[in-house]
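Biologist: Could you take one part of this model and go through it slowly, for someone in a first year of study? I would like a close look at a single element and at what surrounds it.

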Amino acid sequence: WGLMLVLSVAIYGSHAPLLTLCKVDGMIPFSSTSVVVLVELTKLMFSLLGELLGVAVSWRHVAPFALSALLYAANNNLVVHMQLFMDPSTYQVLSNLKIVSTALLYSLFLRQRLSMRKWLALFLLVAAGVSYSCGGLQDPGSPSKMQLHVTLVGLLLISVYCLISGLSAVYTEAILKTQALPLSLQNLFLYFFGVLLNLIGYFWSSAEGGFLEGFSSWVLVIVVSQALNGLIMSVVMKHSSNITRLFVISCSILVNALLSVTLFNLQLTLLFFVAVSCIGLAVHLYYGVT
């Protein structure tokens, strides 16, 4: 468990720096939809390596994963469209609200009562994410003042995004835990629909250029790492909970900061240490770790 969670923290934290390394003249040269399709396909291939023989399944087992894959696909597309109505910094700040939406849906639909102490821990995770997004890292050559811009449509979209993000995670956890099937087989169903829906989305968007246009070795690292992280998160949701996933995502800012300072010469600010303190206190409150 410890190794898996540390690896997942490292993958989450390295995602943004890896995307930056892929940029050409400040722009992402490849189709994000292509990357999502390849990530889902890689997870599907890994799932095929699992134990599948001698397991009796019916459409009642398979069908629920179609909705799960649809929710994830909708969320991936929302992330792209939201950028039209807000700047990236605003998205980074407001997207932290999905911690609250996930916890609320987790408590409501899975009937997991959270104490006031645990709710305080989760709000500290939100505070940590907001602090880090508002200026935990600073480019010495750029002005330090941060200005947020978001339209009314952007606020509506971020609300829908947080709702779907929490719903997709909690719904998937519920399926994984209630079905008496091997996780490898459940993953097979989920990622089959993931590949199918994202391929439809790719052709629907009529992206210019080839499917693999703009790909580099860094993009392949992103595909493999994101696929591995998806498999780890399915283990976490089946045998632990979405709350553990939220803590993993929050802790990943430590890796993100370390890589950003090392690779891009960014500087840590006071807000970074505020964020780290909030995360440390949240872990203590929720898990009793001293």
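Modeller: Helix 1 is built from 21 residues, and from its first C-alpha to its last it reaches 30 Å, which is close to the 30 Å expected at 1.5 Å a residue. This is a predicted model, and in it the helix has a kink of about 40 degrees at His15, shortly before the proline Pro17. Several residues of helix 1 are buried, among them Ser8, Val9 and Ile11, and further along Gly13, Ser14, Pro17, Leu18 and Cys22. For Cys22 the relative accessible area is 5%, and Cys22 counts as buried because the cut-off for that word is under 20%.

Helix 1 (2–22) also takes part in the second largest pocket, where it supplies at least two residues of the lining, as do helix 11 (242–264) and helix 12 (270–287). The volume of this pocket is about 170 Å³, and its lining includes Leu5, Val6 and Val9, together with Thr244, Phe247, Val248, Cys251, Val283 and Tyr287. Helix 11 gives the largest share of that lining, with four residues. Sorted by class, eight of the lining residues are nonpolar and one is polar, while none is charged.

As cysteines have come up, one further point concerns their bonding. A disulfide is a covalent bond between the sulfur atoms of two cysteines. A search of the whole structure finds zero disulfides. Cys278, for instance, is in no disulfide, and the nearest cysteine sulfur, that of Cys134, is 12 Å away. Cys278 is buried as well, with a relative accessible area of 14%.

How values were computed: Residues are numbered from 1 along each chain as its sequence is written. This is a predicted model: local features need pLDDT of at least 70, side-chain atom pairs count only at pLDDT 80 or more; totals for chains, interfaces and linings use all residues. Side-chain values use heavy atoms; hydrogens and water are left out. On a 1 Å grid over the protein atoms alone, a cavity is a set of points where a 1.4 Å probe fits but cannot get out, and a pocket is an open set with protein on both sides within 12 Å along at least five of seven lines; lining residues have an atom within 4 Å of a point. Grid points are joined across faces, edges and corners, and a volume is the space filled by probe spheres set on the points. Ala, Val, Leu, Ile, Met, Phe, Trp, Tyr, Cys and Pro count as nonpolar, Asp, Glu, Lys and Arg as charged, and the others, Gly among them, as polar. A disulfide is a pair of cysteine sulfur atoms within 2.5 Å. Buried means under 20% relative accessible area, exposed over 50%, partly exposed in between (1.4 Å probe, protein chains only). The expected span of a helix is 1.5 Å times one less than its number of residues. The bend at a residue is the angle between axes fitted to the seven residues ending there and the seven starting there.
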